[in-house]
Amino acid sequence: MGFRSILAKPFASFVVQNRQKWEKQAVETQLNLMKSLVADASHTLFGKDHRFSEISDYQSFKDAIPVQDYENLKPYIEKVVAGESDILWKDKPLYFAKTSGTTSGVKYIPISKESIGFHINGARDALLSYVHETGNSQFLDKNLIFLSGSPEMIKKNGVFTGRLSGIVNHHVPGYLRSNQLPSYETNCIEDWETKLEKIIDETIDKPMSLISGIPPWVQMYFDRIQARTGKKIKDVFPDFSLFVYGGVNFEPYRAKLFESIGKRIDSIETYPASEGFIAYQDSQEAEGLLLLLNSGVFYEFIPVEDYFKENPRRLHIGEVQLGINYAVVMNTNAGLWGYSIGDTVKFVSLNPYRIIVSGRIKHFISAFGEHVIGEEVEKAMQFAMQRHPEVELVEFTVAPQVTPPEGGLPYHEWLVEFAKAPQDLNTFAQDINQKLAELNVYYDDLMTGNILQPLKIRMLPRNAFIDYMKSQGKLGGQNKVPRLSNDRAIADKI
């Protein structure tokens, strides 16, 4: 064993012991953090505009701070981007994480000197929790690969600006940097396909033990390696033992990914966002991701059925319940207030607080009142794949077909790219439809009432989703295809 794997175990024990302290006082931790954030930002422009000096408890917090998205906060963010200080948070941000929004164009999410450490430590602690639980630490002595965006940044009025994954890349601890791949120069390549070939050049003969990235892009990396070598990934990287991922539900990709690898390996799910590192998988045994309640973010939760009401219910962590879909609202130590990130989660444990990501508040199909969400279509696909073990999935998305070109009742169209198609596509589609009807009573009612006909699958040619993402300038990195949408804007382009 090398020095990294030896030192990791006592460090992991220390980190887990500290984590367990705040886990036992989660509600108190969050409410104390709320007061601390308000006190630290009371002198800012936003704090003065929203009477932070009058906030004394959670009710007065809700009365003072509205739930808002980027567009609502944009007048303040524009002042921050212009170089002004003490607008949303004290001083100026350390970084802007640059993201693309569907309605807001380019978004600049502030990262402060107070918040940057939590972005870094979330990923670190996910690995250390794994080490503590399993005793496995040898992977730290071999090469680690992180498939991420470019670390290159520009300065915008004195503030470094770039992609979150690139910003985080600059803060990889020194003890890991020496065995991290790809190289900085390769990571800076913007064109994903060119970058991918260079990554393979740099990694194919190295003792890779950990690979991290969004599953569809990791799969693309594996496919290119297999095309070069004709070998399973386990034979190219015999030390590969841990896969770290985030950004999408792993289940639709699991079968094909493990088939490419050629063996089962451990995996760790993380939930990073530009707004903050939200959660990570703290156990290989327990369901869900541990919500990080002491990481500079005061969380609020809005039941999805209330979200679009004029005055939706807002709950703190002590008021949530199991099994309910909540929209996530964040108040951060970088100056985001009442900020709805667009994600929905369900709690699967309240001791400690663990969540699963169930979808996006704006990613649903309700063309006929069915309100089908991402979690439901993914569970339905997973059910069908279990019934048809020969199937290997590349990617899929779902859209309504309101006026079928062939006539008849409208339906949900599933655009699917298979690596291995089902032997009986009709039965496969029927299995998906059956499960979706079980999961969503409104969808079932619409079919029973002859308003919708059962879903239809359109099989797409190889690389259909890659070609679509390339056409949108979103190939690789942290980008992902929306699982479903309420119109055909994406479906028609694909």
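Good morning. Helices and strands, as I use the words today, are DSSP runs, numbered from the N terminus, with at least four residues for a helix and at least two for a strand. The model under discussion is a predicted one.

With that definition in place, I begin with the backbone at Asn157. Asn157 lies in the loop that links β4 (154-156) to β5 (159-162). Its phi is near 50 degrees, which is a positive value in a residue other than glycine. How exposed is Asn157? Its relative accessibility is 45%, and it therefore counts as partly exposed, the class that lies between under 20% for buried and over 50% for exposed.

A second asparagine belongs beside it. Asn463 also has a positive phi, near 70 degrees, in a residue other than glycine. Asn463 sits in the loop between β20 (456-459) and α17 (464-471). With a relative accessibility of 31%, Asn463 counts as partly exposed.

As general background, most residues other than glycine have a negative phi, and most peptide bonds are trans.

That brings me to the peptide bonds. Leu181 and Pro182 are joined by a cis peptide bond, with omega at about 0 degrees. Pro182 is in the loop between β6 (180-181) and α9 (184-187). Another cis peptide bond connects Asn351 to Pro352, and here too omega is about 0 degrees. Where is Pro352 placed? Pro352 occupies the loop between β14 (339-350) and β15 (353-360).

I turn now to the sheets. There is an open sheet of 11 strands with mixed pairing, and its order is β6-β3-β7-β8-β9-β10-β11-β15-β14-β13-β12. Why is one side of β6 and of β12 (297-303) left without a neighbour in the sheet? These two strands stand at the edges and each has a single partner strand, so one side of each is left free of a neighbour in the sheet. Helix α2 (residues 26-40) packs on this sheet and touches β12, β13 (326-332) and β15. The direction of α2 makes about 110 degrees with that of β12.

Within the sheet, β14 and β15, the strands on either side of the Pro352 loop, run antiparallel and are joined by seven bridges. As one example of a bridge, Lys346 has Ile356 in β15 as its partner.

The other sheet I wish to describe is an open one of three strands, in the order β18-β19-β20, again with mixed pairing. Here β18 (392-401) and β20 stand at the edges with a single partner strand each, so one side of each has no neighbour in the sheet. From one strand to the next, the twist averages 25 degrees.

How many bridges pair β18 with β19 (residues 411-420)? Nine bridges pair them, in the antiparallel sense. Among the residues involved, Glu395 has Glu417 in β19 as its bridge partner. Helix α15 (residues 425-439) packs on this sheet, where it touches β19 and β20. The angle between the direction of α15 and that of β20 is about 130 degrees.

Finally, the surface. Phe3, Ile6 and Leu7 make a nonpolar surface patch of about 320 Å². Ile6 belongs to helix α1 (residues 3-23). Because its relative accessible area is 47%, Ile6 is partly exposed.

Thank you for your attention.

Key: Residues are numbered from 1 along each chain as its sequence is written. This is a predicted model: local features need pLDDT of at least 70, side-chain atom pairs count only at pLDDT 80 or more; totals for chains, interfaces and linings use all residues. Side-chain values use heavy atoms; hydrogens and water are left out. Buried means under 20% relative accessible area, exposed over 50%, partly exposed in between (1.4 Å probe, protein chains only). Two strands pair if DSSP finds at least two bridges between them. Contact means heavy atoms within 4.5 Å. Axes are lines fitted to C-alpha atoms, for helices over the stretch in contact, and angles run from 0 to 180 degrees between N-to-C directions. Patches are made of residues with over 30% relative accessible area and no salt bridge: like charges are joined within 9 Å, nonpolar side chains (Val, Leu, Ile, Met, Phe, Trp, Tyr) within 5 Å. Accessible areas come from the Shrake-Rupley method with a 1.4 Å probe; for residues, only the protein chains shown count as cover. A salt bridge is a side-chain nitrogen of Lys or Arg within 4 Å of a carboxyl oxygen of Asp or Glu.
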